[in-house]
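This report follows one stretch of a predicted model from its strand pairing to a single polar side chain, and then turns to the nonpolar cores. The sequence and structure are shown first.

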Amino acid sequence: MMPTAAFDPREEARSPWRRALVTGGAGFLGSRLCTRLLDSGVEVDCLDDLSTGRAEKVAHLAGRPGFRFLEQDVSDEGCAGLLPGPYDLVLHLAGPGVCPGPWPERPVEILDTGSLGTRTALALAERDGARFLLASSPPVPADGDPVGPHIARAEAVRFSEALVAAHAAAHGSDAGIVRLFGGYGPGMRTDDGGIPAAFLEQALAGRPVTVPGDGSTPHPLCYVDDMVDGVLLVAAGRSVRPVDIGGDEAPTAVEIARRVVELTGSGSTLTFVDGPAPDGPRPVTGFAREIFGWLPSVTWQEGLERTVASLRGRAEPVPPAPAERAGEWSA
């Protein structure tokens, strides 16, 4: 289960892969991974149905040799036939574990993506003998109610991880799982209601910044470039065991809110809203450090500074209407 030591995504070195498939590649993290892979000499097929991803996230890659974009749902029957490959890396980011924003309102799509979509991506990797990596989210405790609010997300994440582990055990598949905690940075969406997204949106608009509870809940933050490094380091290994990638720093909600207001120069005030803020799971990054050599390099203060600078330099992109979406881009 040792990683491929010759590959370090933080250095200018060619990767161990020739061709990669990135599902959910037009999302915040997926688009960064597509760019990083292309920069290291990998041909990339980017698959995304644009239900939560945005075409403009990868528009700058359209003219690059070796890049192809397909607007397609990985859960759809026949999707595999559009992806002849062959691939030696499949990064599966098309799921609720990676994009939390609009998913809760679409439980059927969530469950299809976690089950059918993961099965399709695994089958493609097995077809080509490729390394497969599922991008997942922190585990959510089961509450025993299969029809409770937002339970579809938890069940989809749980099933997709179980499916990957079962394939690895039953078929000897080179398949792994990476759990992502608190990713943020330039290009992030600010409309998903999370932290720091909500604070950024409110402060830039000059509205009161609403802090849940008394603001003392810690929030692990991981800058997007550090997260990309972690994903690629795990991909270059052969670990089946889930690997946590997330920031070791966990500033409180009120610390983040104050820093955002300071960086934006906003006149926003902090408003504390009623109700306790749940203390979510913290990443356990010892395995990523010891086995894969991953170490985050950007502090949360510096990361927020870069993020605010990016947001102030551009307006938030508006998702294109269906008629304006490109069906396929190829090099």
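## Strand pairing around β2

Strand β1, which covers residues 19-23, runs parallel to β2, and five bridges connect the two strands. Within this part of the predicted model, Val-22 lies opposite Cys-46 of β2. The two strands also belong to a right-handed β-α-β unit, in which helix α1 (residues 28-39) is the helical element alongside β1 and β2.

Strand β3, formed by residues 67-71, is likewise a parallel partner of β2, again with five bridges between them. Here Val-44 has Phe-67 of β3 as its bridge partner. Strand β2 is largely enclosed by the rest of the structure, because five of its six residues are buried.

## Asp-45 within β2

Asp-45 is part of strand β2, which spans residues 43-48. Is this residue buried or exposed? Its relative accessibility is 1%, and since buried means under 20%, Asp-45 counts as buried.

The surroundings of Asp-45, once residues up to four places away in sequence are set aside, consist of contacts with Arg-19, Ala-20, Leu-21, Val-22, Arg-68, Leu-83 and Tyr-87. Two of these neighbours are also reached through side-chain polar contacts: the side chain of Arg-68 is joined to that of Asp-45 at 2.9 Å, and the side chain of Tyr-87 makes a polar contact with that of Asp-45 at 2.6 Å. Cys-34 is eleven residues from Asp-45 in sequence, and the C-alpha atoms of the two residues are 8.4 Å apart.

## Nonpolar cores

In soluble globular proteins, nonpolar side chains tend to be buried together. In this model, the largest nonpolar core has 41 residues, and the members that touch the most others are Leu-37, Phe-67, Leu-91 and Ile-245. Helix α5, residues 224-235, gives the most to this core, contributing eight residues. Phe-67, already encountered as the bridge partner of Val-44, thus appears both in the strand pairing and among the core residues named above.

Ile-245, when neighbours within four places in sequence are left aside, is in contact with Val-178, Arg-179, Leu-180, Phe-181, Cys-222, Met-227, Gly-230, Ala-288 and Trp-294. A second core, separate from the largest one, comprises 21 residues, among them Val-209, Val-261, Trp-300 and Val-308.

Technical notes
Residues are numbered from 1 along each chain as its sequence is written. This is a predicted model: local features need pLDDT of at least 70, side-chain atom pairs count only at pLDDT 80 or more; totals for chains, interfaces and linings use all residues. Side-chain values use heavy atoms; hydrogens and water are left out. Helices (H or I, at least four residues) and strands (E, at least two) are DSSP runs, numbered from the N terminus. Buried means under 20% relative accessible area, exposed over 50%, partly exposed in between (1.4 Å probe, protein chains only). Contact means heavy atoms within 4.5 Å. A polar contact is a pair of N or O atoms within 3.5 Å; within protein, one must be able to donate a hydrogen and the other to accept it, and residues adjacent in sequence count only if both atoms are side-chain atoms. Two strands pair if DSSP finds at least two bridges between them. A crossover is right-handed if, with the strands pointing away from the viewer, the path from the first strand over the helix to the second runs clockwise. A nonpolar core is a set of buried Ala, Val, Leu, Ile, Met, Phe, Trp, Tyr and Cys residues joined through side-chain atoms within 4.5 Å.
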